[in-house]
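Q: I would like to learn how to read a few features of a protein model, going step by step. Could we begin with a charge and a ring, then go on to ring pairs and pockets?

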Amino acid sequence: ALRRDYKIAKDAPVLALLFGSRLSEIQRLAKPFADAISIIAQALPGVRIITPVADTIAADVYAAVANDPRLADVILLSEARKLDCFAAANAAIACSGTVTTQLACAGVPTVVGYKLNALTAFVAKRLYKPDYISIVNIANNQALMPEFVLEACSGENLASAALGYLQSKPKAKAAKKALLDATKTMRESGADKAGGLSSVRAARAILSILNGDRP
């Protein structure tokens, strides 16, 4: 329905772009996301970009889009159509957060990006060095969603990973299946006693930090 509403051809590649839910995230991710969109558009003419936007950050997203011509063709939608965006998308680039779990549950091949301000990044790199930051990756102990954090969160890296899904149907299909299988397992584990696999791992990770077991 979303493709029909916006006259997007059935076979046209669609990328969902999720900026995050905080002004600081939008400010830090606007440039690498715009860089990625520019690279993807050049490599894949005809790609369409869709972005569901929460009312609380709509003004900030509109401002970011208006200030960068590389984002001029992005289709901005209300958050009410977020699930439609997931259904229409062949792949996604998303800010790390709750939305990455939602994308995983929908089986959308996703590339995750995140940046911190300089001081927070300096402290974080010395206190805690996690293998992954996305819940689905942490719970399954593997990079089901490629992650690019801090300095690695560049337009080139995000675009390269996203193009891997947009240009290869077998790769996208495999990623979709892996995400759906993983989130199904997480749901089933969550029904078990002791809170399930993902919450047990989360609790153990927090306890290890509190006990000073991690550098």
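A: Let us begin with the charge and the ring, keeping in mind that this is a predicted model. Here K171 lies over the face of Y165, at 5.7 Å from the ring centre.

Q: How many aromatic pairs are there?

A: Two rings are taken as a pair if their centres lie within 6.5 Å, and by this rule the count comes to one aromatic pair. The ring centres of F19 and F33 are 5.6 Å apart and their planes stand at 40°, so the pair is tilted.

Q: Which parts does the pair of F19 and F33 tie together?

A: F19 belongs to the loop between strand 1 (14-18) and helix 2 (23-43), while F33 is in helix 2, so the pair ties together parts that are 14 residues apart in sequence.

Q: Are F19 and F33 buried or exposed?

A: Both F19 and F33 are buried.

Q: How much space lies in the second largest pocket, and which residues are the closest to its centre?

A: Rolling a probe the size of a water molecule over the atoms shows where empty space is left. In this model the second largest pocket holds about 470 Å³ of space. It is lined by 21 residues, of which R3, A89, N90, K169 and A172 are the closest to its centre.

Q: Which helix gives the most to the lining of the second largest pocket?

A: Helix 4 (82-88), helix 8 (155-166) and helix 9 (169-190) each supply at least two residues of that lining, and helix 9 gives the most, with four residues. By character, the lining of the second largest pocket divides into 12 nonpolar, three polar and six charged residues.

Key: Residues numbered from 1 in each chain as written. Predicted model: local features only at pLDDT ≥ 70, side-chain atom pairs only at ≥ 80, totals over all residues. Heavy atoms only, no water. Phe/Tyr/Trp six-rings, centres within 6.5 Å; stacked < 30°, edge-to-face > 60°. Buried < 20%, exposed > 50% of the residue type's maximum accessible area, 1.4 Å probe, protein only. Lys NZ or Arg CZ within 6 Å of the ring centre and 35° of its normal. 1 Å grid on protein atoms, 1.4 Å probe; cavity = no way out; pocket = protein on both sides within 12 Å on 5 of 7 lines; lining within 4 Å. Points joined across faces, edges and corners; volume = space filled by probe spheres on them. Nonpolar A, V, L, I, M, F, W, Y, C, P; charged D, E, K, R; others polar.
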